[in-house]
Amino acid sequence: MKLALILVTLYAASAASKTELQTWCSSLGSMATYISQSCFTVTSKTQSYLANMANGCTEKPFGRLAILSSATILERVRLNVTNQFTATKIHIGLRQKYSSSNGAKDNFYWTDAQGNNYGLNSDMQWYTDEPNDKPTLGENGEEDCGEIGGTSGKIYDGSCNNTLQRALCEYQEPYPFYNPIFNAQTVSSSSSAVITGQTDMSVEQVEHCAIKCRLFGSCRAFVFKKGSLTCTLLFKYDLSDTEIIAQNDATIYGRQ
Ligand SMILES: [Ca+2]
Ligand SMILES: [Ca+2]
């Protein structure tokens with residue numbers, strides 16, 4: 001009896017600690033998964049890329065086409081959600097800037113419906129030979145919009161026109177929080193986690209790094225260096241042993 005009461009109490013406590021977004025995400029069943037304080041959903045409606053960008057992810061606040069700068073998140077999204085869409089491509093928040101001198105692989109960037117653009121992570125999970133500007137019959141000779149393969153879970157460039165596809169949406173918590181995940185560690189200069197141009201920013205305290213990370217669309221973690229009061233924004237929290245190095249006055253915080 002006592003044990004049952006404890007279990008009921010524990011259950012009530014864990015249920016109460018679920019955020020509204022988590023509860024909504026769970027209610028969508030196999031069409032959604034909650035990872036790193038974001039709910040990733042696949043839409044049932046199929047639209048053009050630009051329509052999906054503009055209004056495909058508006059069921060909840062803080063929605064956008066998914067920005068997938070972490071290989072771990074991409075793989076969890078595949079296993080938990082997109083894997084069921086065999087041979088289907090699903091739109092994500094990735095575009096290529098037009099330039100007459102562009103090669104197939106140049107000038108891609110992560111983006112959102114507000115038109116904020118973010119540089120790519122260097123470990124982009126492109127499918128073999130992608131991006132390749134290789135439209136299938138019926139497309140108009142350009143592939144400048146990003147998508148993932150439902151089964152492969154890898155990234156492709158696809159045509160922006162005449163493609164009615166589902167969207168992979170990402171709804172973020174209104175106020176994501178960051179936990180220390182590696183104490184007395186920083187990232188190595190060669191780490192693919194570092195967001196170019198967002199390193200060693202002068203701050204006063206750890207919360208100022210958190211504010212910058214919340215504002216910067218592709219940021220999911222950061223390094224705070226207590227000695228120099230600087231922070232470095234990171235694309236991902238899932239760092240490998242080769243990407244982190246010891247440093248006494250540094251702590252890595254992640255959106256877990
Ligand atoms: Ca292209
Ligand atoms: Ca392609």
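**View 1. An open sheet of 5 strands in a predicted model.** This legend, like those below, describes a predicted model. The strand order in the open sheet is S10-S14-S12-S13-S11, and the pairing is antiparallel. Strands of a sheet pair through backbone hydrogen bonds, either parallel or antiparallel. Strand S10 (179-187) and strand S11 (201-202) form the edges. Each has a single partner strand, so one side of each lacks a neighbour in the sheet.

**View 2. The pairing of S10 with S14.** Strand S14 covers residues 244-254. S10 and S14 run antiparallel and are joined by 7 bridges. For a residue-level look, pick Phe 182: its bridge partner in S14 is Ile 252. Ile 252 also belongs to a core of 22 residues.

**View 3. The span annotated as an Apple domain.** The UniProt record, an unreviewed entry, places "domain: Apple" at residues 169-256. Strand makes up 41% of this span and helix 11%. The C-alpha atoms at its two ends are 19 Å apart.

**View 4. The largest nonpolar core.** This core holds 31 residues. Leu 65, Ala 66, Ile 92, Leu 168 and Cys 169 have the most contacts inside it. Two helices, H3 (49-55) and H4 (71-80), are among the elements that give it two or more residues. Strands that do so include S2 (38-42), S4 (89-96), S5 (108-111), S7 (145-149), S8 (155-158) and S9 (166-172). S9 gives the largest share, 4 residues. A separate core has 22 residues, including Ile 195, Cys 213, Leu 239 and Ile 252. In soluble globular proteins, nonpolar side chains tend to be buried together.

**View 5. Contacts of Ile 92.** Ile 92 is one of the residues with the most contacts inside the largest core. Set aside its neighbours within four places in sequence. Ile 92 then touches Leu 65, Ala 66 and Leu 68. Gly 146, Glu 147 and Ile 148 are also in contact with Ile 92, as is Leu 168.

**View 6. The loop between S6 and S7.** Strand S6 spans residues 117-118. Two backbone features appear in the loop that follows, before S7. Asp 129 lies here. Its phi is positive, about 70 degrees, although Asp 129 is not a glycine. Asp 129 has 9 C-beta neighbours inside 10 Å, so it counts as exposed. Pro 131 is found in this loop too. The peptide bond from Glu 130 to Pro 131 is cis, with omega near -5 degrees.

**View 7. Gln 37, between S1 and S2.** Gln 37 sits in the loop between strand S1 (32-35) and S2. Gln 37 is not a glycine, yet its phi is positive, at about 65 degrees. It has 18 C-beta neighbours inside 10 Å and therefore counts as partly exposed.

**View 8. The whole chain, for orientation.** The chain has 5 helices and 14 strands. Its radius of gyration is 20 Å, close to the 18 Å that the globule rule gives for 256 residues, so the chain is as compact as a globular protein of that length. Along the principal axes, the C-alpha atoms fill a box of roughly 65 × 50 × 30 Å. Of the 256 residues, 38% count as buried. Consider contacts between residues at least 6 apart in sequence: 70% of them join residues at least 24 apart.

Notes. Residues are numbered from 1 along each chain as its sequence is written. Chains are lettered from A and ligands numbered from 1 in the order in which they are written. This is a predicted model: local features need pLDDT of at least 70, side-chain atom pairs count only at pLDDT 80 or more; totals for chains, interfaces and linings use all residues. UniProt positions are given in the numbering used here, feature names are shortened, and annotations may be inferred rather than shown by experiment. The radius of gyration is taken over C-alpha atoms; the globule rule is 2.2 Å times the number of residues to the power 0.38. A residue is buried if 20 or more other C-beta atoms lie within 10 Å of its own, exposed if 12 or fewer, and partly exposed in between; C-beta atoms are placed from the backbone. Two residues are in contact if their C-beta atoms, placed from the backbone, lie within 7 Å. A nonpolar core is a set of buried Ala, Val, Leu, Ile, Met, Phe, Trp, Tyr and Cys residues joined through C-beta atoms within 7 Å. Two strands pair if DSSP finds at least two bridges between them.
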